[in-house]
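Biologist: I am new to this structure and would love a close look at one part of it. Could you walk me through the aromatic rings and whatever sits around them?

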Amino acid sequence: MNGNKEGTYFGLSTPLGRSATATIRISGYKSKGVLNKITAGKLKNPKHKNTSVFDIYNKNNDLIDNVLITFFEAPNSYTGEDLVEIHTHGNPVIIDMVYDALFELGLRLAEPGEFTRTAYLNDKIDLIQAESILSLINSNTKEGVGLSLNNISGSLSKKIKKMRSNIISTLGFVEYELDISETDNQRKTITQAHKNIKNLLLETSELISTAKYARIKTIGAQIVIYGKPNAGKSTLFNSLLNYERSIVTDIKGTTRDTIEEISTIGSHSVVFIDTAGIRTTENPIEKLGVKRTQEKISTADLSLHMITSAPKKIKLKPKNNITVLNKIDLLEKNELNKVRNNKNLVCVSAKNKTGIRQLLKRINKELDLKTQSKTTNQITSPRQEQSLKNAQKELQRALECKEDNLEIIAHHLTGAIKAFDVLMGRTSPDDILENVFSNFCVGK
């Protein structure tokens, strides 16, 4: 995407389809002139934030629709440019007619994320806020929406700016010591620098640790169901979703690939993943399925390990793992009473849907624990996490420097500042910006 493209552009900001209303945005220096032309000269000098009802026409003076028009004057608009919002009736035919009229006036269709990218380039928002807007649009939970709104308000950006300012202050007195070269003060300078760096490392680590919490809150938790063939994984998958999504047979190896489906548990958005049974096989397709299962387990937020016979002893459960004993309808009464008293097991009959409610409660409890965080500010993108990890490495190297290496400390502190600049979008390469804004819809 070329952020320096000239011209006035437009895009649909609401989903395409039939609805009561639809919103088309226009941004750029031609916006006022466009309003004058499509309203047949009735809106020559629009006022900032003024909303009025007008008939709009094409170049042949054919009526297109009766609409609401709102004008935002530069620089006090979302993009920092003259910005127009046209609220039409939500008929795709009308939307197409508006598009044709705007094309005829020399406007071009916006590229994905161009409105938000323009806002970023015009210093209306920073890169963290831009990513938070995308996070807000895509959030699947109320908590995710709240987190994204908090970051859009600039709360996380203020935190990041303060941390960057503290690094600059530390670098300042280190460089001052280098300039005056008084050996007597070097130990005091090193001690103070190390104290500041340790505090910065704690703050950085805390922010990095929020990445997983925030991802679960916004996108949803990945929950993998795994076990041996015929353990009842697909049956459990269907029972948790409450409809027949996966094919269920008595033939081993029926599921050869991962099958994913979105659901909701309590206040959490989740993605259940049905997987191929784990076993040794010579079938190349099934081998690939087993490999994918293992990959999904390694990255899952929570795994449901399906077993069909009560083990004599259950070891401490692995991290992010719930052991699910299936087919309890086949157990003798004495054995059933014994396994139900085992707190390390969740007992179900996926076929009869027995114990499914208890399993859902257990999953909800685990996700509640995973999303508990006392940290107000949380990062919401892999790019933010990587930038902070880069800063963390530089700060750690600065902390590990010996007392006579003030130059090296200064070098690593400078590297940390650069990492924070990338995080804020002050020095982000074009390919990073391309990746961020290409994920937006055209009208945002």
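Modeller: Let's start with Arg25, which lies over the face of Phe115, at 5.5 Å from the ring centre. Keep in mind that this is a predicted model. Phe115 is not the end of the story for this arginine: the charged end of Arg25 also sits over the ring of Tyr78, 4.8 Å from its centre.

Now stay with Phe115 for a moment. With a relative accessible area of 0%, Phe115 is buried. The structure holds four aromatic pairs. Phe115 belongs to one of them, together with Tyr9: the arrangement is edge-to-face, with 5.1 Å centre to centre and 65° between the planes. If you trace the chain, you will find Tyr9 in strand E1 (residues 9-12) and Phe115 in helix H3 (residues 114-121), so this pair links distant parts of the chain, 106 residues apart. Tyr9 counts as buried because its relative accessibility is 2%, and the limit for that word is under 20%.

Step along to Phe10, and another pair comes into view. Phe10 and Tyr99 are edge-to-face too, at 4.9 Å centre to centre and with 80° between the planes. Because Phe10 lies in strand E1 and Tyr99 in helix H2 (residues 92-104), the pair ties together parts that are 89 residues apart in sequence. Phe10 is buried, with a relative accessible area of 0%. Tyr99 has 18%, which still makes it buried, since the cut-off is under 20%. Phe103 joins in as well: ring pairs link Phe10, Tyr99 and Phe103 into a cluster.

For a contrast with the rings, try helix H5 (residues 142-152), whose buried residues are Gly144, Leu147, Ser148 and Asn151. They cover an arc of only 95° around the axis, which puts them on the same side of H5. The background is simple: an α-helix has 3.6 residues a turn, so residues three or four places apart point the same way.

Ser148 in helix H5 deserves a closer look. Its relative accessibility is 0%, so Ser148 counts as buried. Leaving out residues up to four places away in sequence, Ser148 touches Ser132, Ser135, Leu136, Ser139 and Thr218. With Leu136 there is also a polar approach: a polar atom of the Ser148 side chain lies 3.4 Å from the backbone nitrogen of Leu136. Just after H5, look for Gly154, which takes a positive phi of about 100°.

Key: Residues are numbered from 1 along each chain as its sequence is written. This is a predicted model: local features need pLDDT of at least 70, side-chain atom pairs count only at pLDDT 80 or more; totals for chains, interfaces and linings use all residues. Side-chain values use heavy atoms; hydrogens and water are left out. Buried means under 20% relative accessible area, exposed over 50%, partly exposed in between (1.4 Å probe, protein chains only). Helices (H or I, at least four residues) and strands (E, at least two) are DSSP runs, numbered from the N terminus. The arc is that of the directions from the helix axis to the C-beta atoms. A polar contact is a pair of N or O atoms within 3.5 Å; within protein, one must be able to donate a hydrogen and the other to accept it, and residues adjacent in sequence count only if both atoms are side-chain atoms. Contact means heavy atoms within 4.5 Å. Rings of Phe, Tyr and Trp (its six-membered ring) pair if their centres lie within 6.5 Å; planes under 30 degrees apart count as stacked, over 60 as edge-to-face and the rest as tilted. A charge sits over a ring if NZ of Lys or CZ of Arg is within 6 Å of the ring centre and within 35 degrees of the ring normal.
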